[in-house]
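Subject: A structure for you to explore

Hi there,

I am passing on a structure that I have been looking through. Please open it and keep it beside you while you read the rest of this message.

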Amino acid sequence: MLDNSVTIKAPSVEQAVKIGLSKLNITEDQAVVTVINEGKKGLFGFGKQDAIVEISAKTKISLNDLAEETTEVEEVAEVAVAVESQTVAEPVVPSQEVSPLTEETVLVEETEEVVESEEKAEVSVSLEAVARYLEDVIKAFGAEAKVSVEASSREVHFNIETDKSGLIIGKHGKIIDALQSLAQVMVHRGHHRRVAVLLNVGDYRDRRAGILESIADRTARQVLKTKQAVILDPLPAFERKQIHSHLSQIEHVKTHSEGVEPNRYLVVEYEN
């Protein structure tokens, strides 16, 4: 979204808001509206005052927008990967002759190495910025936390150290899952590359993985006994993947997802 604001003066608040939204080219749900002066109609034309309104485009991602934002980022990432896979480097023919371009080629290679090093540094700084932002969000929840980052080419792990892990995890893990979704959107925006983002507090993810395996085993036994499909409660995509992976090892059991995020769920079925 746009990162700007306008101050509008008009005969009424409604008119000022309409003009401001038009100038910023945004909708009302994308804006923060501050009424500075509601204006006065006056009496017989005397004492009349225009309304003054300040309108700013939202710059923070709301939790309600995460599903849509994540889908858009994934689509961009898929296109980027496809384009990258179609790019074929020209073959280099070795030669024993000394070319006048040898020195220039060396300089270009050295420059590329420097650029690659700088890009890696920018990625590191970007991930640190996400970590610091998560600390600020957690602080707003009323908890002090230190967020560290571990990154590889395919995964980024944000590890949270805090004395209030229960507050950050939330009921049924909803808060930590929401924070993880936010971190994933921010990481994908910064790197435009498909990576798995995981947020963890203490051993929560390990304990949760154990619970998911128990749910999967219990569901598999029921499906094998009754040969009837079982619908599980809605789960985040990465948890559905864990259950799917676990059940894929059990014969005569298959799974698939249905529904729309954030209420997408797994269906476990009997397979002959």
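Below is what I found, going from a helix to a sheet and then to two loop residues. Please keep in mind that this is a predicted model.

Let's begin with helix H1, which covers residues 13-24. H1 has 12 residues and reaches 16 Å from its first C-alpha to its last, close to the 16 Å expected at 1.5 Å a residue.

Which residues of H1 are buried? They are Val13, Ala16, Val17, Gly20, Leu21 and Leu24. If you look down the axis of H1, these buried residues fall within an arc of 130 degrees, so they line one face of the helix. A general rule helps here: an α-helix has 3.6 residues a turn, so residues three or four places apart point the same way. Now turn the model to the face of H1 that points away from the buried side, and you will find the exposed residues Glu14, Lys18, Ser22 and Lys23.

Next, have a look at the sheet. This is an open sheet of 3 strands in the order E4-E5-E6, and its pairing is mixed. Which strands are at the edges? Strand E4 (145-151) and strand E6 (196-201) are the edge strands, as each pairs on one side only. From one strand to the next, the twist averages 20 degrees. Strand E5 (residues 155-162) runs parallel to E6, and 6 bridges join the two. To see a bridge for yourself, find Val156 and then its partner in E6, Val197.

Last come two residues with a backbone angle worth checking. As background, most residues other than glycine have a negative phi. Asn25 is not a glycine, yet it has a positive phi of about 60 degrees. Asn25 comes just after H1, in the loop between H1 and strand E2 (31-37). Is Asn25 buried or exposed? Asn25 is exposed, with a relative accessible area of 69%.

The other residue is His252, which also is not a glycine and has a positive phi of about 65 degrees. You will find His252 in the loop between helix H7 (237-247) and strand E8 (253-258). With a relative accessibility of 38%, His252 counts as partly exposed.

Happy exploring, and do write back if anything is unclear!

Best wishes

Terms used
Residues numbered from 1 in each chain as written. Predicted model: local features only at pLDDT ≥ 70, side-chain atom pairs only at ≥ 80, totals over all residues. Heavy atoms only, no water. Helix = DSSP H or I, 4+ residues; strand = E, 2+ residues; numbered from the N terminus. Expected span 1.5 Å × (residues − 1). Buried < 20%, exposed > 50% of the residue type's maximum accessible area, 1.4 Å probe, protein only. Arc of directions from axis to C-beta. Pairing = 2+ DSSP bridges. Axes fitted to C-alpha atoms, helices over the stretch in contact; angles between N-to-C directions.
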